[in-house]
Amino acid sequence: MSLDLDARCATHPQVSATAVCHRCGRFVCDSCARPVENDVLCGDCVWRQALAPEVSSRAWVAFGLGLAGLLCGLVPGMVGWVVAESELRRIKRGEAPVGGRTFAEAARLIGKVCTAALVLMVLGWLQWLSSR
(Lines give C-alpha, C1' and ligand atoms only; values in the text may rest on other atoms or scores of the structure.)
Protein backbone atom coordinates (compact mmCIF):
# COMPACT_ATOMS: atom_id res chain seq x y z
CA MET A 1 0.00 0.00 0.00
CA SER A 2 1.48 3.34 -0.98
CA LEU A 3 1.08 6.33 1.31
CA ASP A 4 0.40 9.91 0.37
CA LEU A 5 3.42 12.13 0.73
CA ASP A 6 1.39 14.20 3.21
CA ALA A 7 0.72 11.27 5.56
CA ARG A 8 2.23 11.85 8.99
CA CYS A 9 2.88 9.47 11.87
CA ALA A 10 0.04 9.50 14.41
CA THR A 11 2.55 9.59 17.29
CA HIS A 12 5.18 11.84 15.67
CA PRO A 13 3.33 14.38 13.47
CA GLN A 14 6.60 15.97 12.41
CA VAL A 15 7.71 12.70 10.73
CA SER A 16 6.35 11.28 7.47
CA ALA A 17 4.48 8.01 7.78
CA THR A 18 6.01 4.96 6.15
CA ALA A 19 3.28 2.39 6.91
CA VAL A 20 -0.26 1.90 8.14
CA CYS A 21 -1.10 -0.18 11.21
CA HIS A 22 -2.84 -3.30 9.97
CA ARG A 23 -5.10 -3.45 13.03
CA CYS A 24 -6.26 0.14 13.67
CA GLY A 25 -5.32 1.96 10.46
CA ARG A 26 -3.09 4.62 12.07
CA PHE A 27 -0.20 6.01 10.10
CA VAL A 28 3.17 5.08 11.60
CA CYS A 29 6.76 6.09 10.98
CA ASP A 30 9.75 3.73 10.88
CA SER A 31 10.37 4.09 14.62
CA CYS A 32 6.73 3.31 15.51
CA ALA A 33 6.16 0.46 13.06
CA ARG A 34 6.29 -2.97 14.71
CA PRO A 35 6.50 -5.93 12.34
CA VAL A 36 4.33 -8.77 13.66
CA GLU A 37 4.21 -11.92 11.54
CA ASN A 38 3.31 -10.62 8.04
CA ASP A 39 1.81 -7.31 9.19
CA VAL A 40 2.87 -3.97 10.59
CA LEU A 41 1.27 -2.79 13.83
CA CYS A 42 1.58 0.38 15.89
CA GLY A 43 2.87 0.12 19.46
CA ASP A 44 -0.63 0.40 20.96
CA CYS A 45 -1.94 -2.50 18.86
CA VAL A 46 1.06 -4.65 19.71
CA TRP A 47 0.26 -4.05 23.37
CA ARG A 48 -3.46 -4.76 22.87
CA GLN A 49 -2.69 -7.95 20.97
CA ALA A 50 -0.39 -9.13 23.74
CA LEU A 51 -3.08 -8.51 26.38
CA ALA A 52 -5.96 -10.00 24.42
CA PRO A 53 -4.87 -11.85 21.30
CA GLU A 54 -7.45 -12.29 18.59
CA VAL A 55 -9.04 -15.75 18.53
CA SER A 56 -10.98 -17.00 15.51
CA SER A 57 -14.50 -18.33 15.83
CA ARG A 58 -13.29 -21.75 14.60
CA ALA A 59 -10.86 -21.99 17.51
CA TRP A 60 -13.67 -21.13 19.93
CA VAL A 61 -15.97 -23.70 18.30
CA ALA A 62 -13.28 -26.40 18.50
CA PHE A 63 -12.71 -25.64 22.18
CA GLY A 64 -16.45 -25.55 22.91
CA LEU A 65 -16.94 -28.90 21.19
CA GLY A 66 -14.08 -30.31 23.23
CA LEU A 67 -15.69 -29.19 26.46
CA ALA A 68 -19.05 -30.53 25.31
CA GLY A 69 -17.34 -33.84 24.62
CA LEU A 70 -16.09 -34.01 28.19
CA LEU A 71 -19.36 -32.92 29.75
CA CYS A 72 -22.11 -34.26 27.48
CA GLY A 73 -20.70 -37.23 25.63
CA LEU A 74 -17.57 -38.10 23.74
CA VAL A 75 -18.60 -37.49 20.12
CA PRO A 76 -18.61 -33.66 20.26
CA GLY A 77 -15.05 -33.79 21.57
CA MET A 78 -14.01 -35.92 18.62
CA VAL A 79 -15.62 -33.43 16.22
CA GLY A 80 -13.79 -30.67 18.08
CA TRP A 81 -10.52 -32.50 17.38
CA VAL A 82 -11.25 -32.41 13.63
CA VAL A 83 -12.12 -28.70 13.74
CA ALA A 84 -9.01 -28.00 15.84
CA GLU A 85 -6.72 -29.76 13.36
CA SER A 86 -8.21 -27.69 10.54
CA GLU A 87 -7.76 -24.47 12.51
CA LEU A 88 -4.16 -25.30 13.45
CA ARG A 89 -3.39 -25.77 9.73
CA ARG A 90 -5.02 -22.38 9.00
CA ILE A 91 -2.92 -20.75 11.74
CA LYS A 92 0.25 -22.33 10.37
CA ARG A 93 -0.53 -20.98 6.87
CA GLY A 94 -1.23 -17.51 8.31
CA GLU A 95 -4.93 -17.63 7.43
CA ALA A 96 -6.16 -17.48 11.04
CA PRO A 97 -5.01 -15.42 14.04
CA VAL A 98 -2.32 -17.03 16.16
CA GLY A 99 -4.24 -16.21 19.33
CA GLY A 100 -6.42 -19.25 18.67
CA ARG A 101 -3.51 -21.70 18.79
CA THR A 102 -3.88 -22.40 22.52
CA PHE A 103 -7.62 -23.06 22.21
CA ALA A 104 -7.16 -25.28 19.15
CA GLU A 105 -4.36 -27.25 20.82
CA ALA A 106 -6.52 -27.74 23.92
CA ALA A 107 -9.42 -28.91 21.73
CA ARG A 108 -7.09 -31.34 19.96
CA LEU A 109 -5.95 -32.78 23.29
CA ILE A 110 -9.50 -33.07 24.58
CA GLY A 111 -10.53 -34.73 21.31
CA LYS A 112 -7.79 -37.32 21.72
CA VAL A 113 -8.94 -38.03 25.27
CA CYS A 114 -12.56 -38.42 24.12
CA THR A 115 -11.48 -40.74 21.31
CA ALA A 116 -9.39 -42.88 23.67
CA ALA A 117 -12.27 -43.06 26.15
CA LEU A 118 -14.70 -44.12 23.44
CA VAL A 119 -12.30 -46.80 22.16
CA LEU A 120 -11.86 -48.15 25.69
CA MET A 121 -15.62 -48.20 26.21
CA VAL A 122 -16.20 -50.10 22.96
CA LEU A 123 -13.43 -52.59 23.79
CA GLY A 124 -14.89 -53.11 27.25
CA TRP A 125 -18.34 -53.61 25.79
CA LEU A 126 -16.99 -56.12 23.25
CA GLN A 127 -15.17 -57.99 26.02
CA TRP A 128 -18.34 -58.06 28.10
CA LEU A 129 -20.31 -59.42 25.11
CA SER A 130 -17.76 -62.15 24.46
CA SER A 131 -17.79 -63.25 28.12
CA ARG A 132 -21.55 -63.82 28.15
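Helices here are DSSP runs of H or I with at least four residues, numbered from the N terminus. By that count, A84 sits in helix 3, which covers residues 75-93. Welcome to this structure, which is a predicted model. Its protein chain holds four helices and four strands, and a small group of aromatic rings links two of the helices, as the points below lay out.

**Overall layout**

- Following the sequence, you meet the elements of the protein chain in the order β-β-β-β-α-α-α-α.
- The protein chain has a radius of gyration of 23 Å, whereas a compact globule of 132 residues would have one near 14 Å.
- Taken along the principal axes, the box filled by the C-alpha atoms of the protein chain is roughly 85 × 20 × 15 Å.
- Some contacts in the protein chain join residues at least 6 apart in sequence, and 33% of these join residues at least 24 apart.

**Surface and charge**

- Buried residues make up 26% of the 132 residues in the protein chain.
- The protein chain exposes about 8,700 Å², and 61% of that area is supplied by carbon and sulfur atoms.
- The protein chain carries 14 positive and 11 negative charges, and the mean positions of the two sets are 10 Å apart.

**The aromatic rings**

- Searching the whole structure turns up two aromatic pairs.
- In the pair of W60 and F103, the ring centres are 4.3 Å apart and the planes are at 40 degrees, so this pair is tilted; tilted pairs are those whose planes are neither under 30 degrees apart nor over 60.
- This pair links distant parts of the chain, since W60 belongs to helix 2 (residues 57-72) and F103 to helix 4 (residues 101-131), with their positions 43 residues apart in sequence.
- W60 has a relative accessible area of 46%, so W60 is partly exposed.
- F103 is also partly exposed, because its relative accessibility is 23% and buried would mean under 20%.
- The other pair, F63 and F103, is edge-to-face, with 5.4 Å from centre to centre and 80 degrees between the planes.
- Here too the pair links distant parts of the chain: F63 lies in helix 2 and F103 in helix 4, 40 residues apart.
- F63 counts as partly exposed because its relative accessible area is 22%.
- Together, the ring pairs link W60, F63 and F103 into a cluster.

**Two buried residues in helix 3**

- Is A84 buried or exposed? A84 has 0% relative accessibility, so A84 counts as buried.
- Leaving aside residues up to four places away in sequence, A84 touches A62, A104, A107 and R108.
- One of these, R108, is 24 residues from A84 along the chain, yet the C-alpha atoms of A84 and R108 are separated by 5.6 Å.
- E87 is placed in helix 3 as well.
- The relative accessible area of E87 is 0%, so E87 is buried.
- Which residues does E87 touch, not counting those up to four places away in sequence? The contacts of E87 are S56, R58, A59, A96 and A104.
- A104 appears among the contacts of A84 and among those of E87.

Notes: Residues numbered from 1 in each chain as written. Predicted model: local features only at pLDDT ≥ 70, side-chain atom pairs only at ≥ 80, totals over all residues. Heavy atoms only, no water. Rg over C-alpha atoms; globule rule 2.2 N^0.38 Å. Buried < 20%, exposed > 50% of the residue type's maximum accessible area, 1.4 Å probe, protein only. Contact = heavy atoms within 4.5 Å. Areas by Shrake-Rupley, 256 points an atom, 1.4 Å probe, with all protein chains shown as cover. Lys, Arg positive; Asp, Glu negative; His and termini not counted. Charge placed at Lys NZ, Arg CZ, Asp CG, Glu CD. Phe/Tyr/Trp six-rings, centres within 6.5 Å; stacked < 30°, edge-to-face > 60°.
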